[in-house]
Amino acid sequence: MSPLSFEEFSNANRERCESPQGFKHPLNGWSSSDWMTATVGELGEAANVIKKLNRYRDGVPGNKQSEQELRDQLRKELGDVFVYLDLLCQSCGFNIADAAIEVFNAKSVEIGYPKVL
Ligand SMILES: [Mg+2]
């Protein structure tokens, strides 16, 4: 379990993005379209790693990295997705955790699942 709350992570993520010691990139320096492109770019990188993992699953040659190296890379790429998704949501003016809880609860109610957050 991470010692950080989501809010702490999100605040640090934005601070690094905008800080003169960080990326020097104001959140509103990109449109939501720009942030979405960055997010989907990272998702594409993750998809490419999964494609390579599928080669191991299916016995198809062509990989230059071991299966473990690819699993480690996938973890990092999905982390990249999360970092950009958080910035995208902040640029849109909301917190991704709040949005996720909202839709999680709505779906639980819809399917009759007893737990809401
Ligand atoms: Mg990446």
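**Exercise 1.** Where does Lys-24 lie? Find its place in the chain, then describe its backbone angle and its exposure.

*Solution.* The structure is a predicted model.
Step 1. Lys-24 is found in the loop that runs between α1 and α2.
Step 2. The phi angle of Lys-24 is near 55°, a positive value in a residue that is not glycine.
Step 3. Exposed means over 50% relative accessible area. Lys-24 has a relative accessibility of 59%, so Lys-24 counts as exposed.

**Exercise 2.** Describe the fold of the protein chain, and decide whether the chain is spread out or compact in comparison with the globule rule.

*Solution.*
Step 1. Count the elements: the protein chain has four helices and zero strands. Along the sequence, the pattern is α-α-α-α.
Step 2. Compare the radius of gyration with the rule. The globule rule gives 13 Å for 117 residues, and the radius of gyration of the protein chain is 18 Å, well over that value; therefore the protein chain is more spread out than a compact globule.
Step 3. Look at the box along the principal axes: the C-alpha atoms of the protein chain fill roughly 50 × 45 × 30 Å.
Step 4. Add the burial: 21% of the 117 residues of the protein chain count as buried.
Step 5. Turn to contacts between residues at least 6 apart in sequence. Of these contacts in the protein chain, 53% join residues at least 24 apart.

**Exercise 3.** Which residues coordinate the magnesium ion, and what spacing do the donors follow along the chain?

*Solution.*
Step 1. List the donors. Glu-42 (OE), Glu-45 (OE), Glu-77 (OE) and Asp-80 (OD) coordinate the magnesium ion, at 2.1 to 2.3 Å.
Step 2. Write the spacing of these donors along the chain: E-x2-E-x31-E-x2-D.
Step 3. Place two of the donors. Helix α2 (residues 32–58) holds both Glu-42 and Glu-45, which are three residues apart, about one turn of the helix.

**Exercise 4.** Is Glu-42 buried or exposed? Compare the class of Glu-45, then examine the surroundings of Glu-42.

*Solution.*
Step 1. A residue is buried when its relative accessible area is under 20%. Glu-42 has 12% relative accessibility, so Glu-42 counts as buried.
Step 2. Glu-45 has a relative accessible area of 37%, which means that Glu-45 is partly exposed.
Step 3. Look for a salt bridge. Although buried, Glu-42 has none; Arg-16, the nearest side chain of opposite charge, is 9.8 Å away.
Step 4. List the contacts, leaving aside neighbours within four places in sequence. Glu-42 is then in contact with Glu-77, Asp-80, Val-81 and Tyr-84. Among these, Glu-77 and Asp-80 also coordinate the magnesium ion.

**Exercise 5.** How are the rings of Phe-6 and Phe-82 arranged, and which parts of the chain does the pair link?

*Solution.*
Step 1. An aromatic pair is described by the distance of the ring centres and the angle of the planes.
Step 2. A search of the whole structure finds five aromatic pairs. In the pair of Phe-6 and Phe-82, the ring centres are 5.5 Å apart and the planes stand at 90°, so the pair is edge-to-face.
Step 3. This pair links distant parts of the chain: Phe-6 is in helix α1 (residues 6–18) and Phe-82 in helix α3 (residues 67–91), 76 residues apart.
Step 4. Check the exposure. Phe-6, with a relative accessible area of 22%, is partly exposed, and Phe-82, with 38%, is partly exposed.
Step 5. Add the cluster: Phe-6, Phe-9 and Phe-82 form one aromatic cluster.

Key:
Residues numbered from 1 in each chain as written. Predicted model: local features only at pLDDT ≥ 70, side-chain atom pairs only at ≥ 80, totals over all residues. Heavy atoms only, no water. Donors = N, O, S within 2.8 Å, 3.2 Å for Na, K, Ca; no water. Helix = DSSP H or I, 4+ residues; strand = E, 2+ residues; numbered from the N terminus. Buried < 20%, exposed > 50% of the residue type's maximum accessible area, 1.4 Å probe, protein only. Phe/Tyr/Trp six-rings, centres within 6.5 Å; stacked < 30°, edge-to-face > 60°. Lys, Arg positive; Asp, Glu negative; His and termini not counted. Salt bridge = Lys/Arg side-chain N within 4 Å of Asp/Glu carboxyl O. Contact = heavy atoms within 4.5 Å. Rg over C-alpha atoms; globule rule 2.2 N^0.38 Å.
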